[in-house]
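Subject: A structure to look through

Dear colleague,

I am passing on the structure we talked about, and I would be glad if you could open it beside this message. The notes below go through what was found in it, one part at a time.

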Amino acid sequence: MSNDDIHEIIDDFELLGDWDQRYQYLVELGERLPRMPVEHKTDANRVMECMSLVHVAAHPDPDQPGHLLYTGDCDTAIIKGVVALLVGLFSNKTPADIESLDVDDLFKGLRLEEHLSPNRHVGVYAIVNKMKRQARVV
């Protein structure tokens, strides 16, 4: 079920064509990301491996027991867009669903590795790993 969401995201990006359009779409996703409450911007929620200042936080969904909601923020436009994608992908899922997400498939499908520096690529995976770790302990 969860990996269908990944294929849907990839299909959306395929419609955009070139990297400039995809980049702009990621920036727009970041701009639409709901504001992360200041009290969630703690060192515990910070992704230390990122060059950018990135925070992500998981919370139980009060409307769906056993499911999580994520918030996130970043000080860099393109990575904030990636955070927005991941927040949307990981939210409204159970910890087991989150663990089973094939994020490698997502990043390959979006061809992020081709367009992000190696350091940013490492940071993006660090965001994913942080979000999965949070799902295990919430």
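Before the residues are named, one cut-off is needed: a residue counts as buried when its relative accessible area is under 20%, as exposed when it is over 50%, and as partly exposed in between. By that rule lysine 41, with a relative accessible area of 35%, is partly exposed. Please keep in mind throughout that this is a predicted model.

The overall picture

The chain has seven helices and two strands, and from the N terminus on its elements follow the order α-α-β-β-α-α-α-α-α. Along its principal axes the C-alpha trace spans about 40 × 30 × 25 Å. A compact globule with 138 residues would have a radius of gyration near 14 Å, and the 14 Å of this chain agrees with that. Of the 138 residues, 46% count as buried.

The salt bridges

How many salt bridges does the structure hold? There are five of them, and three are described here in turn, with the places of both partners.

In one of the five, the side chains of aspartate 5 and lysine 93 meet, with 2.6 Å from N to O. Aspartate 5 belongs to helix α1, while lysine 93 sits in the loop between α3 (77-90) and α4 (95-100), so this pair ties together parts that are 88 residues apart in sequence. Aspartate 5 has a relative accessible area of 24% and is therefore partly exposed, whereas lysine 93, at 4%, is buried.

Lysine 41, which was used above as the example, forms a salt bridge with aspartate 73, and the closest N and O atoms of the two are 2.5 Å apart. Because lysine 41 lies in the loop between α2 (19-32) and β1 (54-60) and aspartate 73 in strand β2 (residues 68-74), the pair ties together parts that are 32 residues apart in sequence. Aspartate 73 has a relative accessible area of 16%, so this residue counts as buried, while its partner lysine 41 is partly exposed.

The side chains of arginine 136 and glutamate 99 also meet in a salt bridge, here with 3.0 Å from N to O. This pair links distant parts of the chain, since arginine 136 is in helix α7 (residues 118-137) and glutamate 99 is in helix α4, 37 residues apart. Arginine 136 counts as exposed at 52% relative accessibility, and glutamate 99, with a relative accessible area of 38%, is partly exposed.

Which residues are joined into one network by salt bridges that share partners? They are Lys41, Asp73 and Lys80.

The surface and one loop residue

On the surface, Asp4, Glu8, Asp11 and Asp12 gather in a patch of negative charge. One of these residues, glutamate 8, has its place in helix α1 (residues 2-14).

The loop between α3 and α4 deserves a second look, as asparagine 92 is found there. Phi of asparagine 92 is near 65°, which is a positive value in a residue other than glycine. At 40% relative accessibility, asparagine 92 counts as partly exposed, whereas lysine 93, placed in that loop as well, is buried with a relative accessible area of 4%.

With best wishes for your reading

Terms used: Residues are numbered from 1 along each chain as its sequence is written. This is a predicted model: local features need pLDDT of at least 70, side-chain atom pairs count only at pLDDT 80 or more; totals for chains, interfaces and linings use all residues. Side-chain values use heavy atoms; hydrogens and water are left out. Patches are made of residues with over 30% relative accessible area and no salt bridge: like charges are joined within 9 Å, nonpolar side chains (Val, Leu, Ile, Met, Phe, Trp, Tyr) within 5 Å. Accessible areas come from the Shrake-Rupley method with a 1.4 Å probe; for residues, only the protein chains shown count as cover. A salt bridge is a side-chain nitrogen of Lys or Arg within 4 Å of a carboxyl oxygen of Asp or Glu. Lys and Arg count as positive and Asp and Glu as negative; His and the chain ends are not counted. The place of a charge is taken as NZ of Lys, CZ of Arg, CG of Asp or CD of Glu. Helices (H or I, at least four residues) and strands (E, at least two) are DSSP runs, numbered from the N terminus. Buried means under 20% relative accessible area, exposed over 50%, partly exposed in between (1.4 Å probe, protein chains only). The radius of gyration is taken over C-alpha atoms; the globule rule is 2.2 Å times the number of residues to the power 0.38.
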